[in-house]
Amino acid sequence: MDHRRSSTTSSFDASVSRHGRASSQTLLSEDSQALFEGASGENAQSPNDLGQGRGSIIDRIEDIVESMVDSLSENQPLTLPLRSRRSGNEYTVSFPSTTANGVKKFTSLLQILFLCHEALVSGTIITKRNIYYQNPELFGSQDYVNKLVDDVAFTLGVGRNELNIVAASKGLVVGQPFGTEHGDEVVVIPPAEAVVDLDLRPIEWILIIEKEATFRSLVSLRYHEVSKSGRGILMTAKGYPDLASRQFIHRIHSTSPLIPIYGLVDFDPDGVSILRTYKHGSQGMRHEERITVPGLLWLGVKNSDLLELQMRLRPAAPSAPSNGGGESQATLTSSQSSNARSSDTLARSLPNSTRRHEAGWKLLALSCRDRAKAIRLLSTLSDQHHQDADEMELASELQLMLMLNMKFEIQAVDRAENMAYWLDERLSRISAWD
Amino acid sequence: MSKQYLTAHTVDNAHIANIFAIAATKTAVLSASGSSCINVHATNKEAYPLVQSISNAHKLGCHHLAVSRDGKVAASIGFAGELKTWKVSDTGSGDWEPYVDVANGGETNGEAWALALSEDGSVLATTTHSGRVNVWLLRDGSSQLAQQFEPGSVVTSAFGMSIDISHDGKYTATGHENGAVYIYNNETGRIVYQLPGLAKPVRAVAFSPAGTKLAAAGDSMTIELYDLQFGEHVAQFTGHAAWIMSIDWSDTGEYLLSGAYDGKAKVWSIDKQACVATHSETEQALLSVKWLPKTGMNEMFCTAGANKSLTFYREATGTA
């Protein structure tokens, strides 16, 4: 159902494997993200053409509710259509009902339809667990919710994912409060309600990582245990965060507001957009206030990292240039210097000592889609009445990204030690400012 | 032998955002930034005061700005892709005001990128995301699309990063994302040269004042010099340790000024084929560097970029 991805024509995109953005769930939420950025068809690759399926589901839910309003005005019983998954026959669930079970089923269905509608309209993803926790007393059990959700999907003739409902959070987390005694076990992000049971006292920092590959690399190094900044929590929602991951991190923050939360995302429009989703939720979604982390600190990657990369990439210059000297020479060319855009190529040509601390970045030109997305984001930011310093930084980084026409991806797959070194350095630098 | 330049003045926080482009006339420096306004600072007055701020010039900020050598016409492109032209007011106030509308050549938003103006402001050329070049004639209060150049073989990511027009208005040079450098004849619309590539991308191209040479620079961290009589590569200037974002020829064609991402500005002697001065007021990226048109005894230049300030340098001489 993801037309946009398949129509992304840039050869760059085609050649780039996108760690952590490849699962269908991720794509769903990525599309959603684009939807509420106010993209109203200003370019051909706009995700609006994706919205048709979603739009028709929204319409159908609204039709159901409208018919109930009609029934109310006519003093008729309220009915909800439901199709049995076993027989395929459609029957109705009515209110009032003669049995307590009937009332429960009607109310539960209405609540699920409401949550689906909300998720579809806002373009967010909710988990079955989220639904259960909306009203545990009503639903009684998770199993009850699961069955009804599948019934609703069957009735509407769509897959559950198309209702923007997923089985569980796609996010992963690791750290002492979650795992075994050494805190080395990666677990699926638990429901926000479970945060009250966590012992966060030993935790000095929390790092939200865009890409699962980076997350896994850091887990394999046990960075959450061995970081120079103390014990921490590593978390990833594998790209755009689902509702459960956002509720979770919000809950942690409201429980222990003194623990700094850092974001590690790519220097590209998606990275900036993911960061904004954590910090401010989705545009125009006032009711999402309780799932944001406005204080999230942008650890990187930013244009300042780009400069450090260039410093490492410079052609084997014997010494740093000094003022006014004639140390720089013009020479007749015999050979061209290597392609500075490919950090890998250059890194290989550098002595080991030079690239030791290279965290594993990858520089790429922006695709047309990247540029369009960056401009949409800039536009969203400029429409805000009160731009705080953080928002101005986001705008500034987006502009530089466009100016340089470059994105800068984290690739920690085989350079995890360097990533850990880089994180140690960055975390200590940030805490030194506090 | 090296030359000495002194910091004549710094206008701190000339903008609230990164300064992406500056352009100099005989009396002022125009600057464009990530904010929506274009600012004009007088260079013929003490302390380089702000004399005009064109508010809401580009809502999402402005990334390219050029002014004609006669100082009468300017053009700018904003991050939303909108192209605007400006002229000095006929009222004698010296203020800049909107000039002609330039239809964006049928390009969609976000596609017009770099731009250049001819000496008298009658020819405006822009690059696009696709690598195409549009050339407009601006006269009598209207604009007319005169030429559209396409790079011979359209390869992926031929994004036109940089552009310049020769002083006589006859030629347009473009530098591209893929490392290509093209020179077009503005009258015939033909490609004159496709110059041997640089490490990509090419972030700056500049014709020498006499139109005999072209300099090109970018992420190779080198400046390449081409002779235009036969399209030959004649020299490479090495010494920058970061991406070169901007280059500019001095009025006489004797010197090249370059600014790099590490905040360093360098002055290169064409005769000596060597760097004769290196300056840096900042470790933040320089995004635009320009010589000021020579009005007095001393050469001057201005640098701007991520530190949001305008820094003016003056050549130090014994008689100054």
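How many helices and how many strands make up the secondary structure of chain B? Chain B has zero helices and 28 strands, where helices (H or I, at least four residues) and strands (E, at least two) are DSSP runs, numbered from the N terminus. This is a predicted model, in which local features need pLDDT of at least 70, side-chain atom pairs count only at pLDDT 80 or more, and totals for chains, interfaces and linings use all residues. Residues are numbered from 1 along each chain as its sequence is written, and chains are lettered from A and ligands numbered from 1 in the order in which they are written.

**Overall form of chain B**

- The radius of gyration of chain B is 18 Å, close to the 20 Å that the globule rule gives for 320 residues, so chain B is as compact as a globular protein of that length. The radius is taken over C-alpha atoms, and the rule is 2.2 Å times the number of residues to the power 0.38.
- The C-alpha trace of chain B spans about 50 × 45 × 30 Å along its principal axes.
- Of the 320 residues in chain B, 59% are buried. A residue is buried if 20 or more other C-beta atoms lie within 10 Å of its own, exposed if 12 or fewer, and partly exposed in between, with C-beta atoms placed from the backbone.
- UniProt, in an unreviewed entry, places the feature "repeat: WD" at residues 195-236 and 237-278 of chain B; its positions are given in the numbering used here, feature names are shortened, and annotations may be inferred rather than shown by experiment.
- Residues 237-278 of chain B are 0% helix and 57% strand, and the end C-alpha atoms of this span lie 13 Å apart.

**Confidence in chain A**

- Chain A averages a pLDDT (the predictor's confidence in each residue, from 0 to 100) of 74, and 71% of the residues score at least 70.
- Among the elements of chain A, strand S7 (residues 205-209) has the highest mean pLDDT, 96, and helix H14 (residues 343-349) the lowest, 35.
- The pLDDT stays under 50 over residues 1-52 of chain A and is below 50 over residues 316-359 of chain A.
- Where pLDDT is low, the predicted coordinates should not be read in detail.

**Helix H11 of chain A**

- Helix H11 (residues 243-255) of chain A has 13 residues and should span 18 Å at 1.5 Å a residue; its end C-alpha atoms are 18 Å apart, which agrees. The expected span is 1.5 Å times one less than the number of residues.
- H11(A) is mostly covered, with 11 of its 13 residues buried; among them are A:Phe248 and A:Ile252.
- The cover over the buried residues of H11(A) includes helix H6 (128-134), S7 and helix H12 (269-280) of chain A.

**Backbone geometry**

- Most residues other than glycine have a negative phi, and most peptide bonds are trans.
- A cis peptide bond joins A:Phe95 and A:Pro96, with omega about -5°; A:Pro96 is in the loop between strand S2 (90-95) and helix H5 (100-122) of chain A.
- A:Gly300 and A:Val301 are also joined by a cis peptide bond, with omega about 0°.
- A:Asn164, although not a glycine, has a positive phi of about 65°, and A:Asn164 counts as buried, with 25 C-beta neighbours inside 10 Å.
- B:Asn13, likewise not a glycine, has a positive phi of about 45°, but B:Asn13 counts as exposed, with 11 C-beta neighbours inside 10 Å.

Notes:
Contact = placed C-beta atoms within 7 Å.
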